[in-house]
Amino acid sequence: MIEVIYALCLRQLKHYWRSKARLIGTLGQPMLFLIAFGFGFGPMYSKVSGGANYIDFLAPGIVTMGILFTAVFSGLEVIWDRQFGFLKETLVAPISRTEIMIGKTFGGATIAIIQGLIILILTSILGFRVPSITSLVIGLIFMFLIAIFFTGIGLTIASQMRDMQGFQMILNFLIMPIFFLSGALFPLKNLPPAIYFISRIDPLTYGVDGLRGTITGISTFGVSSDLALIGSLSVIICLIGAVLFSRMEA
């Protein structure tokens with residue numbers, strides 16, 4: 001089982017490393033958001049919050065954004081493999097489909113974490129600093145769980161689709177509201193009740209809040225509660241994905 005998971009994970013990592021355009025391109029949007037929002041809304045946020053630095057608030061949300069987009073679009077590889085016949089060869093191999101799901105999930109999540117770490121390093125250029133090694137380690141746990149959850153969502157949806165364009169449209173329809181309503185760009189306090197309710201049922205909200213609470217000390221719901229929720233959701237989506245993978249046809 002470990003060998004299967006390792007092989008599938010390594011295959012995705014090699015695809016990622018060989019595609020330099022993908023590596024650079026997936027960093028463009030998060031960095032654009034960080035610079036545009038950071039400097040555009042920074043003075044307003046500082047005035048409202050009594051002098052707080054908006055970059056410190058924004059950086060964890062942008063790191064999460066990089067993880068979210070990279071993780072969820074890892075499902076494209078399933079559709080790509082289906083179109084070129086590799087998926088059929090994988091499914092008929094004498095291995096469990098659960099192992100295939102786990103291998104692809106860990107591969108996609110690993111790539112997403114790498115993207116998140118690169119963005120976290122780049123935020124230091126704008127003055128953001130992680131306070132301690134302990135904060136960084138706990139932050140990595142949140143990054144891992146966010147990556148697992150959204151990679152699982154991407155693979156789960158992809159396992160039921162054959163059309164690459166349709167997959168991209170569905171994900172764009174889902175992930176933009178998930179990102180913008182997660183509190184990645186603005187505080188959740190004092191929101192209209194309807195928007196606050198939607199934010200509370202947004203899974204990414206707890207990932208963003210947990211990561212921000214870990215590396216900046218700003219948390220709305222508490223780091224332990226965030227960890228429990230995003231961890232539970234990650235397990236649930238992986239179980240759902242494993243079931244759907246077991247019923248998938250090449």
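# Exercises on a predicted model

Helix 8 contributes the most to the lining of the largest cavity, giving 4 residues. The model used throughout is predicted.

## Exercise 1: The cavity

Task: Find how many cavities of 30 Å³ or more there are, and describe the lining of the largest cavity.

Solution.

- Step 1. Count. There is 1 cavity of 30 Å³ or more.
- Step 2. Take the volume. The largest cavity holds about 30 Å³ of space.
- Step 3. List the lining. It consists of Leu120, Leu136, Gly139, Leu140, Met143, Leu211 and Ile215.
- Step 4. Assign elements. Two or more lining residues come from each of helix 8 (133–158) and helix 11 (203–216).
- Step 5. Sort by class. The lining of the largest cavity has 6 nonpolar residues, 1 polar residue and no charged residues. Glycine counts as polar, so Gly139 is the polar entry.

## Exercise 2: The nonpolar patch

Task: Name the residues of the nonpolar surface patch, then place Leu227.

Solution.

- Step 1. Name the members. Ile133, Val137, Ile141 and Leu227 make a nonpolar surface patch of about 360 Å².
- Step 2. Find the main contributor. Helix 8 supplies the largest share of the nonpolar patch, 3 residues.
- Step 3. Place Leu227. This leucine sits in helix 12 (residues 223–246).
- Step 4. Classify Leu227. Its relative accessibility is 34%. Partly exposed covers the range between under 20% (buried) and over 50% (exposed), so leucine 227 is partly exposed.

## Exercise 3: The pocket

Task: Describe the largest pocket by volume, lining and residue class.

Solution.

- Step 1. Take the volume. The largest pocket holds about 440 Å³ of space.
- Step 2. Look at the lining. It has 22 residues, and those nearest the centre of the pocket are Tyr45, Phe57, Phe186, Pro187 and Leu188.
- Step 3. Assign elements. At least two lining residues come from each of helix 3 (42–49), helix 4 (54–72) and helix 11.
- Step 4. Sort by class. The lining of the largest pocket has 12 nonpolar, 7 polar and 3 charged residues.

## Exercise 4: A backbone angle

Task: Asparagine 190 has what sign of phi, and is this residue buried or exposed?

Solution.

- Step 1. Locate the residue. Asparagine 190 is in the loop between helix 9 (164–180) and helix 10 (193–200).
- Step 2. Read the angle. Asparagine 190 has a positive phi, about 65°, and is not a glycine.
- Step 3. Set the background. Most residues other than glycine have a negative phi.
- Step 4. Classify. Asparagine 190 has a relative accessible area of 81%. The cut-off for exposed is over 50%, so asparagine 190 is exposed.

## Exercise 5: Chain separation and space

Task: For leucine 76, glutamine 29 and valine 72, give the element, the burial class and one C-alpha distance.

Solution.

- Step 1. Leucine 76. This residue belongs to helix 5 (residues 76–84). Its relative accessible area is 18%, under the 20% limit, so leucine 76 is buried. Isoleucine 55 is 21 residues away along the chain, and the two C-alpha atoms are separated by 32 Å.
- Step 2. Glutamine 29. This residue belongs to helix 2 (residues 20–40). Its relative accessible area is 34%, so glutamine 29 is partly exposed. Threonine 216 is 187 residues away along the chain, with 23 Å between the C-alpha atoms.
- Step 3. Valine 72. This residue belongs to helix 4. Its relative accessible area is 1%, so valine 72 is buried. Phenylalanine 144 is 72 residues away in sequence and 13 Å away in space, C-alpha to C-alpha.

Methods: Residues numbered from 1 in each chain as written. Predicted model: local features only at pLDDT ≥ 70, side-chain atom pairs only at ≥ 80, totals over all residues. Heavy atoms only, no water. 1 Å grid on protein atoms, 1.4 Å probe; cavity = no way out; pocket = protein on both sides within 12 Å on 5 of 7 lines; lining within 4 Å. Points joined across faces, edges and corners; volume = space filled by probe spheres on them. Patch = residues over 30% accessible without salt bridge, like charges linked within 9 Å, V, L, I, M, F, W, Y side chains within 5 Å. Areas by Shrake-Rupley, 256 points an atom, 1.4 Å probe, with all protein chains shown as cover. Salt bridge = Lys/Arg side-chain N within 4 Å of Asp/Glu carboxyl O. Buried < 20%, exposed > 50% of the residue type's maximum accessible area, 1.4 Å probe, protein only.
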